[in-house]
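Reader: I would like a close look at a single part of this predicted model. Please take it slowly and keep the neighbouring elements connected as you go.

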Amino acid sequence: MVFEPPKRLVRALGETAPDGDDWLEKLPEAAQQAVALRELTVERVQVPGGRSSLVVLVRTADGTPAVLKLAPGRARPEAERAALAHWGGRGAVQLLDAHTPEGVLLLERLHPDVSVRSLPEAKALLEAAGTLRRLWVEPPDGFPFETVAERTGRQAEAMRARAQADPEVAPLVGLALAAREELLAAPPEHRLLHGTFRQSKVLSAERMPWLAVGPDPVVGECAFDLARLVRDRVEDLIAQPSGAATTRRRVKRLAESLDVDQERLRGWTLFRAVESGVRAGRVGRPRDAELLLEFAGWL
C-alpha cells in the first residue's frame, strides 16, 4: 500500500516547518517498516486525519483493530507515548505496544469518525469536561514533559515579535502576556495535562463511552488545559449575537464543574486564544486569526 499523507497534514506541516524537512519524504518507507515490523494488516489511512501525524487504521497479527500513528519529532510523539503510558488507558486511548520505533505509536482503535462534537453543544462540553478531569493526575517522577511556563515562554517570544510587526494586535498581546505573568506567579497545582484538549480530541470508544486522543502533554495547572475547551466551536460563538455573553457563561460553567478558579480560567483562555490568533495570522490563516482575536476581546 502507498502511504500518501492527507492534504491537511501536508498543509499543517508546511505551517510549522516553512523551510521544509525530510519527514514527509521518508514517511512512506517508515510506515511500511512499521507495518512489517508488527505484522499489521492495513485497512486505510484516516482522512482528513490530524494536523501533526499520519493515522492509519490497521489490525494486529491476531486481528485486533488498532491505529498506527506516525509523527515527526517536532510534534513530540515520545512525550505523547510517555503520557499515554502514565495514564494507562484512564481517560485516554491505550498504548498497545510501548516499544515501537521512535515517532511511531500503536494504539487502541477508537471510533475515529465520532467525536463529542457530534453531540449537542451543552452535552458535548459536559462529556469533554468529564473526560478531561480523569487525565489530571500527578506527573511521573522525572517527567519528560514541558512545563506550562516553558511552553508559554516560547509562545510569548513569538507573540512579542508579532506585536512589533503588527501594531493592531499589540494591545491584545499585551493583555495576554500580562495575564500569563500573573498566572505563573502562583500556580495552584502541578498536574499532567493533555495540552491541546478540545472536543475533536475526544472519540467514541468501546471500553468507555469517550476517550481522549492526541495529547501534547505539559505539566502545570488544570486551568491551562481547560482554557482550550472554552473556545470550542468558536465560529459558532462569533456568529451569535450573544456570543460574548455565552462565552462568559461558558467560562463560569466549566470552572464550576471542574473546580477550577474562574479568573484563572479566564486568564489562560485569553492567553491561549491570543497566542493561537497571532500564530494563525503569522502562517497565513487570516480568517482563523480574526475569529480568535475577536473571541479574545470578549474576555
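In which sense do E8 and strand E11 pair, and over how many bridges? Please go on from there to the helices around that pairing.

Author: In this predicted model, E8 and strand E11, the latter covering residues 218-220, pair in the antiparallel sense over three bridges. Within that pairing, Arg191 stands opposite Gly220 in E11. Strands of a sheet pair through backbone hydrogen bonds, either parallel or antiparallel. The sheet to which the two strands belong is open and has three strands in the order E7-E11-E8, with mixed pairing. Its edges are strand E7 (146-147) and strand E8 (191-193), each of which pairs on one side only.

From the sheet one can pass to helix H7, residues 222-230, which lies across E8 and E11 and runs at about 20° to E8. H7 also has a helical neighbour, since the axes of H7 and H10 come within 8 Å and cross at roughly 65°, and the crossing in which H7 passes H10 is right-handed. On the H7 side the residues in contact are Ala223, Phe224, Asp225, Leu226, Ala227, Arg228 and Val230, and these meet Arg264, Leu265, Trp268, Thr269 and Arg272 in H10. Sorted by class, this contact of H7 with H10 has seven nonpolar, one polar and four charged residues.

H10 leads on to a further helix, for the axes of helix H9 (residues 243-257) and helix H10 (residues 262-282) come within 9 Å and cross at roughly 125°. H9 and H10 are therefore oblique to each other, and their crossing is right-handed. Here Val251, Lys252, Leu254 and Ala255 in H9 meet Gln262, Leu265 and Arg266 in H10, a contact that by class has four nonpolar, one polar and two charged residues. Leu265 of H10 thus appears in the list of residues that meet H7 and also in the list of those that meet H9.

It remains to set this part within the whole. The protein has 11 helices and 11 strands, and its C-alpha atoms fill a box of roughly 55 × 40 × 40 Å, taken along the principal axes. With 299 residues, a compact globule would be expected to have a radius of gyration near 19 Å, and the protein has 19 Å, which agrees.

How values were computed
Residues numbered from 1 in each chain as written. Predicted model: local features only at pLDDT ≥ 70, side-chain atom pairs only at ≥ 80, totals over all residues. Heavy atoms only, no water. Axes fitted to C-alpha atoms, helices over the stretch in contact; angles between N-to-C directions. Helix = DSSP H or I, 4+ residues; strand = E, 2+ residues; numbered from the N terminus. Parallel < 35°, antiparallel > 145°, perpendicular 65-115°, else oblique. Left-handed = near helix turned anticlockwise from the far one by under 90°. Contact = heavy atoms within 4.5 Å. Nonpolar A, V, L, I, M, F, W, Y, C, P; charged D, E, K, R; others polar. Pairing = 2+ DSSP bridges. Rg over C-alpha atoms; globule rule 2.2 N^0.38 Å.
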